[in-house]
Amino acid sequence: MNIVFMGTPDFSVPSLKRLIEEFDVAAVFTQPDRPKGRGRKIAFSPVKEEAVKHNIPVYQPVSLKKDGRVLSELKKMKPDFIVVAAYGQILTGEVLSIPKNGCINLHASLLPKYRGAAPINWCIIKGEKETGNTTMFMDTGLDTGDVLLRSTVEISEDMTAGDLTDVLKEDGASLLVKTLKGLKAGTIERKKQGKTTTVYAKMLSRNMAKINWDLSSIEIKNFVRGLNPWPIAYTQYSGENMKIYRVDILDEMSQREAGYILEISQSEIKVACGSGVLMIKKVQFPGGKPMEVGEYIRGHSIEPGIVLGK
């Protein structure tokens with residue numbers, strides 16, 4: 001099969017690797033090179049780095065919709081399939097009509113739940129115990145196409161979005177290969193998603209990462225896990241932003257105001273929540289690196305009695 005692959009972040013790389021092993025990948029489409037890190041040096045996307053290793057032609061239109069030259073090149077390739085895994089651009093009806101057999105998308109949720117840009121993060125924030133990957137035929141809607149295959153993955157109580165991404169990207173690569181082979185063999189039946197209630201997984205931003213201490217300890221822990229490794233949940237401590245990377249739940253209650261620092265031990269900060277109590281285990285302050293609380297308080301002061309977030 002002649003395949004064109006579209007993807008950008010690290011999540012997409014295992015899928016590209018497996019497709020290269022199993023099929024003929026004629027070209028790769030990925031987002032334009034962008035500044036990265038403190039030095040703001042121009043960097044390739046992870047998918048471009050992988051494509052270059054295998055001497056696969058790479059296309060990086062700012063807008064696939066508006067770049068007529070690139071669209072013309074894509075049509076000349078006459079792909080059997082376009083395979084998409086976290087590309088970062090919406091495909092128009094014109095693009096969807098190009099491949100002989102359709103466009104296949106790998107989406108990191110059990111559709112129709114968690115349609116949208118950040119399904120891995122939101123399923124953790126919402127406290128789900130399981131998620132997975134779905135392959136589907138793409139249409140002009142947002143993750144609304146006919147489902148082909150699904151695979152399920154359990155979410156442990158301490159798993160972060162980064163941890164879950166590492167699991168799902170490998171699982172998704174295998175599911176994509178299984179899907180394409182099944183389509184070729186004619187053994188997969190496409191199914192409508194129907195009108196099952198869905199949770200929309202909106203794009204993340206730094207603006208939504210502030211902790212609401214009025215929530216329960218369980219909700220706050222899920223929030224912290226879901227925003228790790230980006231954008232990282234934060235609160236205010238004495239006027240400074242304190243990023244919080246890891247917390248644990250204590251099996252106790254407190255009558256103190258939500259956000260009140262109850263106690264400082266050698267390895268944690270105990271904080272009252274709207275319901276329940278949390279132990280903050282890993283933090284980062286402006287200008288510093290992420291540290292375990294025990295390491296941080298050896299050189300800095302954290303005072304009990306202060307209310308976080310104020």
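Visitor: What share of the exposed area of the protein do carbon and sulfur atoms supply?

Guide: In this predicted model, the protein exposes about 15,500 Å², and carbon and sulfur atoms supply 48% of that area. The C-alpha atoms fill a box of roughly 65 × 45 × 30 Å when taken along the principal axes, and the protein has 8 helices and 17 strands.

Visitor: How many of the residues in the protein are buried?

Guide: Buried residues make up 52% of the 310 residues, where a residue is counted as buried if its relative accessible area is under 20%.

Visitor: Why is Lys-221 called buried?

Guide: Lys-221 has a relative accessible area of 8%, and the term buried applies under 20%, so Lys-221 is buried by that cut-off. Its place is in helix 7, residues 217-226, and, leaving aside residues up to four places away in sequence, Lys-221 touches Glu-157, Asp-158, Val-247, Asp-248, Ile-249 and Leu-278.

Visitor: What makes strand 1 largely enclosed by the rest of the structure?

Guide: Strand 1 spans residues 2-7, and 6 of its 6 residues are buried, so the strand is largely enclosed by the rest of the structure.

Visitor: How do you know which faces of strand 1 are covered?

Guide: In a regular strand the side chains alternate between the two faces of the sheet, so each face can be considered in turn. On one side of strand 1 stand Asn-2, Val-4 and Met-6, on the other Ile-3, Phe-5 and Gly-7, and all of these are buried, which means that both faces are covered.

Visitor: Why are strand 1 and strand 2 said to pair?

Guide: Pairing requires at least two bridges between the strands, and strand 1 and strand 2, the latter being residues 24-29, have 5 bridges, so they pair, and they do so in the parallel sense. Within this pairing, Ile-3 stands opposite Val-25 in strand 2. The chain crosses from strand 1 through helix 1, residues 13-22, to strand 2, and this β-α-β crossover is right-handed.

Visitor: What makes strand 6 a partner of strand 1?

Guide: Strand 6, residues 81-85, is joined to strand 1 over 5 bridges in the parallel sense, and since the definition asks for at least two, the two strands pair. Here Phe-5 stands opposite Val-83 in strand 6.

Visitor: How many positive and negative side chains does the protein have?

Guide: The protein has 43 positive and 36 negative side chains, and the centres of the two sets lie 6 Å apart.

Key:
Residues are numbered from 1 along each chain as its sequence is written. This is a predicted model: local features need pLDDT of at least 70, side-chain atom pairs count only at pLDDT 80 or more; totals for chains, interfaces and linings use all residues. Side-chain values use heavy atoms; hydrogens and water are left out. Buried means under 20% relative accessible area, exposed over 50%, partly exposed in between (1.4 Å probe, protein chains only). Helices (H or I, at least four residues) and strands (E, at least two) are DSSP runs, numbered from the N terminus. A crossover is right-handed if, with the strands pointing away from the viewer, the path from the first strand over the helix to the second runs clockwise. Accessible areas come from the Shrake-Rupley method with a 1.4 Å probe; for residues, only the protein chains shown count as cover. Lys and Arg count as positive and Asp and Glu as negative; His and the chain ends are not counted. The place of a charge is taken as NZ of Lys, CZ of Arg, CG of Asp or CD of Glu. Contact means heavy atoms within 4.5 Å.
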